[in-house]
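Let's take a friendly walk through this protein, one neighbourhood at a time. Please keep the 3D view open as you read.

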Amino acid sequence: MADADFNDALHPMASPGYGKRSAPQQEARGRQDFAHLPAREAAVAAYIDRLPEGSDISVKTLAKHLPYGQCALRTSLNRIQRAGHLRRGRECLGGRWITRTWFTRTPRDSVWWAAFQQGDVPREARAPKRSRAYVLLAALGRTNSVLSLSHAECRALVPLVEEWFDRDAGEEDVLRALTTGLPRSVHHPAGLVRRRLGDKLPPLPVRRDPAPLRILECGTCGAPGYADALVDGDCGACRGERPVVPGPRGLPAAEVRSRAAAVRGRLEASRG
């Protein structure tokens, strides 16, 4: 069970630069974490989840701190990987390729891991109620009464405010754009807010850091590959798929006869 009480206080750290690395955008811890996993895998995943960044989570080290053997732990890690919680690979840092093991409390599908490999993590789905954008819009009327919005208007305008946040704008930037230089009377507050959010939308942010150089590896054989080819973290060969070998390209019978006739013609001409 995920709540198994294993003592992680004395778990060793890996060499600098190695060990556990937490994937971004994880949900907060809850009682149902890893409830979809079998009991042993849930216990191992919960233990790894509590470990700090850089902890040594190799099979050999885990076997020294958990009541399972190396064979059982290797099987558990593979199942945790297939459930979307773990990926193995390498990352280039400062010209050196470092072995990585990425772990996420929130399970991810292969599409998410493929984007992570390219350094472009998909945006998380936002809760429809009381989001950061909704709270800002609902509070506009307190800032200036002429901008009072209804619940339905706030919900309709939320995607526009979230677009500002996605472009690295803060709440102060949005409020400044919506409340500066207001006319004395506003007959349609939602229309004015919508117009300003569109007209004053800031430019797309420039990527400050280069995309990371990452290579994910098959969890079974360790072969490197693109994440979208590693279904549940395993390559096609380890999943039992046969490689597709392209066969020779055949020609239509009429074209074969035509080419053969042309060759015969050239041979007869050379003899003559």
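Which residues of helix α8 (residues 171-179) are buried? They are Val-174, Ala-177 and Leu-178. These residues cover an arc of only 95 degrees around the axis, so they sit on the same side of α8. An α-helix has 3.6 residues a turn, so residues three or four places apart point the same way. The cover over the buried residues of α8 includes α5 (132-138), α6 (140-143), α7 (151-166) and α9 (189-199). After α8 comes Gly-181, which has a positive phi, near 65 degrees.

Before going further, please bear in mind that this is a predicted model. The protein chain has 272 residues, and 36% of them count as buried. Its secondary structure comes to 10 helices and 5 strands. Among contacts between residues at least 6 apart in sequence, 64% join residues at least 24 apart. About 16,700 Å² of the chain is exposed, with carbon and sulfur atoms supplying 53% of that area.

Now to the aromatic rings. How many aromatic pairs does the structure hold? There are 5. Two of them, both involving Trp-112, are set out here.

| Pair | Arrangement | Centre to centre | Angle between planes |
|---|---|---|---|
| Trp-112 and Trp-113 | edge-to-face | 5.1 Å | 85 degrees |
| Trp-112 and Phe-116 | stacked | 5.6 Å | 10 degrees |

Trp-112 and Phe-116 both belong to helix α4 (residues 110-117), where they are 4 residues apart, about one turn of the helix. Are these rings buried or exposed? Trp-112 is buried, because its relative accessible area is 5%, under the 20% cut-off for buried residues. Trp-113 is buried too, at 0% relative accessibility, and Phe-116 counts as buried at 2%. Ring pairs join Trp-102, Trp-112, Trp-113 and Phe-116 into a cluster.

Phe-116 has a charged partner as well: the charged end of Arg-214 sits over its ring, 4.0 Å from the centre. An arrangement of this kind also involves Phe-165, where the charged end of Arg-132 sits over the ring, 3.8 Å from its centre.

Next, a look at the loop that holds Pro-212. This residue lies between α9 and β4 (213-217). At 25% relative accessibility, Pro-212 counts as partly exposed. Which residues does Pro-212 contact, leaving aside its neighbours within four places in sequence? They are Glu-91, Gln-117, Gln-118 and Gly-119. Pro-212 and Gly-119 are 93 residues apart in sequence, yet their C-alpha atoms are 5.7 Å apart in space.

Finally, the cysteines. How many disulfides does a search of the whole structure find? The search finds 0. Cys-235 is in no disulfide, and the nearest cysteine sulfur, that of Cys-238, is 3.7 Å away. The pair does not count as a disulfide because the sulfur atoms would have to be within 2.5 Å. Cys-235 itself is buried, at 14% relative accessibility.

Methods
Residues are numbered from 1 along each chain as its sequence is written. This is a predicted model: local features need pLDDT of at least 70, side-chain atom pairs count only at pLDDT 80 or more; totals for chains, interfaces and linings use all residues. Side-chain values use heavy atoms; hydrogens and water are left out. Rings of Phe, Tyr and Trp (its six-membered ring) pair if their centres lie within 6.5 Å; planes under 30 degrees apart count as stacked, over 60 as edge-to-face and the rest as tilted. Buried means under 20% relative accessible area, exposed over 50%, partly exposed in between (1.4 Å probe, protein chains only). Helices (H or I, at least four residues) and strands (E, at least two) are DSSP runs, numbered from the N terminus. A charge sits over a ring if NZ of Lys or CZ of Arg is within 6 Å of the ring centre and within 35 degrees of the ring normal. The arc is that of the directions from the helix axis to the C-beta atoms. Contact means heavy atoms within 4.5 Å. Accessible areas come from the Shrake-Rupley method with a 1.4 Å probe; for residues, only the protein chains shown count as cover.
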